[in-house]
Amino acid sequence: MSFFKKFFKDVIRKKTDPEDDTVKVKGNPKPKYYGTVAPYPNFNASQDASTLQSAIESKDVDEDVIIAILVKRSNEQRQKIKVVYEASTGKRLDKDLKSVLRSDLEDVSLALLMDSIHFDAYLLRKATKGWGTHEDVLVEILATRSNQQIGEIKRVFKEEYETDLEKVIEDETSGDFTTALLAMLKANKDESKEVDNNLARKDAEILFEAGENTKGINISAFIDILTKRNAKQLAKMFQHYATVSDITLPKALDMELKGDIEDCLIDIVKCSWNTPAFFAEKLHLAMKGHGTCDDTLIRVLVSRSEVDLKKIVEEYRAMYDFSLQDDILKDTKGHYEKILLQLCGPH
């Protein structure tokens, strides 16, 4: 399917202006919190470390206790528990959990113990190591993290794996897809909420011409604009382009982009248009049909649990007419099911 046909058919849908995402705290505006995991109010790292040690060392490992602590503590609190646990036992909490937990429950528990930057670096390494590269994971992370986060991810990646992330990307990908990933790794995207209508119109014209080029598609124009503009600016540009497209019925509708670069640009567009809907679709596809992609469930639920998982849960219901929790109940079982459901919040 042509890039633009796919863009207008699957991505552009009716979108209302976002509600005010701030609340006033002591008279000052603060961003609303859309995570499902919040700091535990009566947090005591020493007590949690001791409770976890008892749960791990009991004759029958108490998975319920382990889950209750991991899910009901924020990531920052879990990092403190790790430090206290090692200081008091002389052992690492992640290694002790790995020794007593199994399969998917082990994977999600270890993911929750990593701080967000180390988790992203780990995911990027996992996506580029071994047979085959998981291109969708590379795009997902780089398209949904802030400039500061990308800078920190690159630093941690170099510390942990003794090589530059850029070099790994160059070695494991090719062509225009590599160019797009490296552009995102530069971490110079506009993160303001300002909209320049003239720039939006100009960008729409540039992309129109890039798609109409009879000598070939000018992919670099798409990469440059889609990886640098802020979400609201891109939304305005999409509106201008859709208007031009509807009036002139451009040949751009027949333009063909194949493979990784098409998927990459589509994902960037989806993220800028509606990030929670992008992740809701990821989760739906992970459980659609036969089999379940547990890597995707764990990656998305853990990484978004303190960002926008409430919104993702809401989008999921709006998009598919049933809840994310219902699908998790159908596709998973046991303590693994329990920890995923608790990450999703109240049902």
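The legends below accompany an overview and several close-up views of a predicted model of one protein chain.

**Figure 1. Overview of the protein chain, with its helices and strands.** In this predicted model, the secondary structure of the protein chain comes to 20 helices and two strands. Of the 347 residues in the chain, 46% are buried. When contacts with a separation of 6 or more are considered, 72% of them in the protein chain join residues that lie 24 or more positions apart. The surface that the chain exposes comes to about 18100 Å², and carbon and sulfur atoms supply 49% of that area.

**Figure 2. Close-up of helix α4 and the residue that follows it.** Helix α4 has 15 residues, and the distance from its first C-alpha to its last is 21 Å, which is close to the 21 Å expected at 1.5 Å a residue. The buried residues of this helix are Asn75, Gln77, Arg78, Gln79, Ile81, Tyr85 and Thr89. What covers these buried residues includes the helices α2, α3, α5, α6 and α7, the last of which runs through residues 116-128. Glycine 90 follows α4, and the phi of this glycine is positive, near 75 degrees.

**Figure 3. Close-up of helix α5 and the helices that cover its buried residues.** In helix α5, which is made up of residues 93-100, the buried residues are Leu93, Asp96 and Leu97. Around the helix axis they cover an arc of only 95 degrees, which means that they lie on the same side of α5. Among the elements that cover the buried residues of α5 are α2 (45-57), α3 (63-71), α4 (75-89) and α6 (103-113).

**Figure 4. Close-up of serine 103 in helix α6.** Serine 103 is found in helix α6, and although this residue is not a glycine, its phi is positive, at about 55 degrees. Is serine 103 buried or exposed? Its relative accessible area is 52%, so serine 103 counts as exposed, given that the cut-off for an exposed residue is over 50%.

**Figure 5. Close-up of helix α18, its two faces and its neighbours.** Helix α18 consists of the twelve residues 309-320, which should span 16 Å at 1.5 Å a residue, and this agrees with the 16 Å that separates its end C-alpha atoms. Which residues of α18 are buried? They are Leu309, Ile312, Val313, Glu315, Tyr316 and Tyr320. When the helix is seen down its axis, these buried residues fall within an arc of 165 degrees, and therefore they line one face of α18. The face turned away from this buried side carries the exposed residues Glu314 and Ala318. What covers the buried residues of α18 includes four helices, namely α16 (275-287), α17 (294-304), α19 (324-331) and α20 (334-344).

**Figure 6. Close-up of aspartate 321, just after helix α18.** Aspartate 321 lies in the loop between α18 and α19. The phi of this aspartate is near 65 degrees, which is a positive value in a residue other than glycine. With a relative accessibility of 69%, aspartate 321 counts as exposed.

**Figure 7. Close-up of the aromatic pair formed by phenylalanine 278 and phenylalanine 279.** Searching the whole structure finds six aromatic pairs. In the pair of phenylalanine 278 and phenylalanine 279, the ring centres are 5.1 Å apart and the ring planes stand at 70 degrees to each other, so the pair is edge-to-face. Phenylalanine 278 is buried, with a relative accessible area of 2%, and phenylalanine 279, at 0% relative accessibility, also counts as buried.

**Figure 8. Close-ups of two places where a charged end sits over an aromatic ring.** In one view, the charged end of arginine 73 sits over the ring of tyrosine 40, at 3.8 Å from the ring centre. In the other view, the charged end of lysine 330 sits over the ring of phenylalanine 322, and here the distance to the ring centre is 5.6 Å.

**Figure 9. Close-up of glycine 175 and isoleucine 261.** Glycine 175 is found in helix α11, which runs through residues 175-185, and at 51% relative accessibility this glycine counts as exposed. How far apart are glycine 175 and isoleucine 261 in sequence and in space? The two residues are 86 residues apart in sequence, while the distance between them in space is 8.5 Å, taken from C-alpha to C-alpha.

Terms used: Residues numbered from 1 in each chain as written. Predicted model: local features only at pLDDT ≥ 70, side-chain atom pairs only at ≥ 80, totals over all residues. Heavy atoms only, no water. Phe/Tyr/Trp six-rings, centres within 6.5 Å; stacked < 30°, edge-to-face > 60°. Buried < 20%, exposed > 50% of the residue type's maximum accessible area, 1.4 Å probe, protein only. Lys NZ or Arg CZ within 6 Å of the ring centre and 35° of its normal. Expected span 1.5 Å × (residues − 1). Arc of directions from axis to C-beta. Contact = heavy atoms within 4.5 Å. Areas by Shrake-Rupley, 256 points an atom, 1.4 Å probe, with all protein chains shown as cover.
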